[in-house]
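Thank you all for coming. I would like to walk you slowly through one structure today, so please have a look at it before I begin.

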Amino acid sequence: MIKGKNINLRHIRREEIDLFYNYINEIKQSSLFLNTKIMTPFFLEKEYEQNGLISDDNEIFCITDKENNLIGMINHMKVVSYSSMREVGYSVFKPELRNKGIATEALSLITQYLFESTAIYRIQACMAVANTASEKVIKKCGFTFEGVMRGALFVRGEYLDAAVYSMLRNEYKGDY
């Protein structure tokens, strides 16, 4: 478990799979910028049985409040096979919990975890250009804007431009 000031990050537990499945597939609750591809419960359960949703290519953490309630998720994934670079993605499940610093603290914790416990040199995030909430999170955590990838995201039936932000190991300053 990665303990923060207001939240914790931990791996999903078997008894939470149904709840997690419901959160990640709740299209009406999800952000307007998240992919709306629905994951089947079979896939999620199979993946959990095989590796607990943890692999060399992708690691999913639950964001929990201090009472251990599941409130979001954050993951890091391998972007290309020839690099140790990781891309991060995050979501706070319930709209009423957004804009309270949860995603910012989660991103700070995962950044610290990756730079202080792995050999990863670069962490990046891609988000829809219009996703100002995610842009605020990434900037608060000290990531640098690199540019825009045109038409890189397909969300809710349309292609969106994606802003790319990154942080290199030598730019990491520790606690935010």
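In which element is Thr104 found? If you follow the chain along to that residue, you will see that Thr104 sits in helix 3, and please keep in mind throughout that what we are looking at is a predicted model.

Before I stay with that residue, let me give you the overall layout. The protein has 4 helices and 8 strands, and, reading from the N terminus, these elements follow one another in the order β-β-α-α-β-β-β-α-β-α-β-β. The protein has 176 residues, of which 44% are buried. If we take the contacts whose separation is 6 or more, then 60% of them are between residues 24 or more positions apart.

Now back to Thr104. Is this residue buried or exposed? Its relative accessibility is 16%, and because the cut-off for buried is under 20%, Thr104 counts as buried. Once we set aside the neighbours within four places in sequence, the residues in contact with Thr104 are Val137, Lys140 and Cys141.

That brings us to a pair of helices. Helix 3, which covers residues 102–117, packs with helix 4, residues 132–140, at an angle of about 45°, and the two axes are 9 Å apart. That angle is why we call helix 3 oblique to helix 4. As for the handedness, the crossing of these two helices is right-handed. Which residues of helix 3 and helix 4 meet? On the helix 3 side they are Ala103, Thr104 and Leu107, and on the helix 4 side they are Val137, Ile138 and Lys140. Sorted by character, the residues of this contact come to 4 nonpolar, 1 polar and 1 charged.

Let me turn next to charges. Side chains of opposite charge can pair when their charged atoms come close. How many salt bridges does a search of the whole structure find? The search gives 2, and I will take them in turn.

One of them joins Arg122 and Glu146, where the closest N and O atoms are 2.8 Å apart. This pair links distant parts of the chain, since Arg122 lies in strand 6 (residues 122–128) while Glu146 lies in strand 7 (residues 144–155), with their positions 24 residues apart. The two partners also have their own accessibilities: Arg122 counts as buried at 18%, whereas Glu146 is partly exposed, with a relative accessible area of 44%.

In the other salt bridge, the side chain of Lys139 meets that of Glu135, at 3.8 Å from N to O. Here both residues belong to helix 4, and because they are 4 residues apart, about one helical turn separates them. Glu135 has a relative accessible area of 24% and is therefore partly exposed.

I will finish in another part of the chain, with Glu45, which is found in helix 2, residues 41–51. Glu45 is partly exposed, its relative accessible area being 38%. Which residues does Glu45 touch, if we do not count those up to four places away in sequence? They are Ile17 and Asp18. For Glu45 and Ile17, the separation is 28 residues in sequence and 7.3 Å in space, taken from C-alpha to C-alpha.

Methods:
Residues are numbered from 1 along each chain as its sequence is written. This is a predicted model: local features need pLDDT of at least 70, side-chain atom pairs count only at pLDDT 80 or more; totals for chains, interfaces and linings use all residues. Side-chain values use heavy atoms; hydrogens and water are left out. Axes are lines fitted to C-alpha atoms, for helices over the stretch in contact, and angles run from 0 to 180 degrees between N-to-C directions. Angles under 35 degrees count as roughly parallel, over 145 as roughly antiparallel, 65 to 115 as roughly perpendicular and the rest as oblique. A crossing is left-handed if the near helix is turned anticlockwise from the far one by less than a right angle, and right-handed if clockwise. Contact means heavy atoms within 4.5 Å. Ala, Val, Leu, Ile, Met, Phe, Trp, Tyr, Cys and Pro count as nonpolar, Asp, Glu, Lys and Arg as charged, and the others, Gly among them, as polar. A salt bridge is a side-chain nitrogen of Lys or Arg within 4 Å of a carboxyl oxygen of Asp or Glu. Buried means under 20% relative accessible area, exposed over 50%, partly exposed in between (1.4 Å probe, protein chains only).
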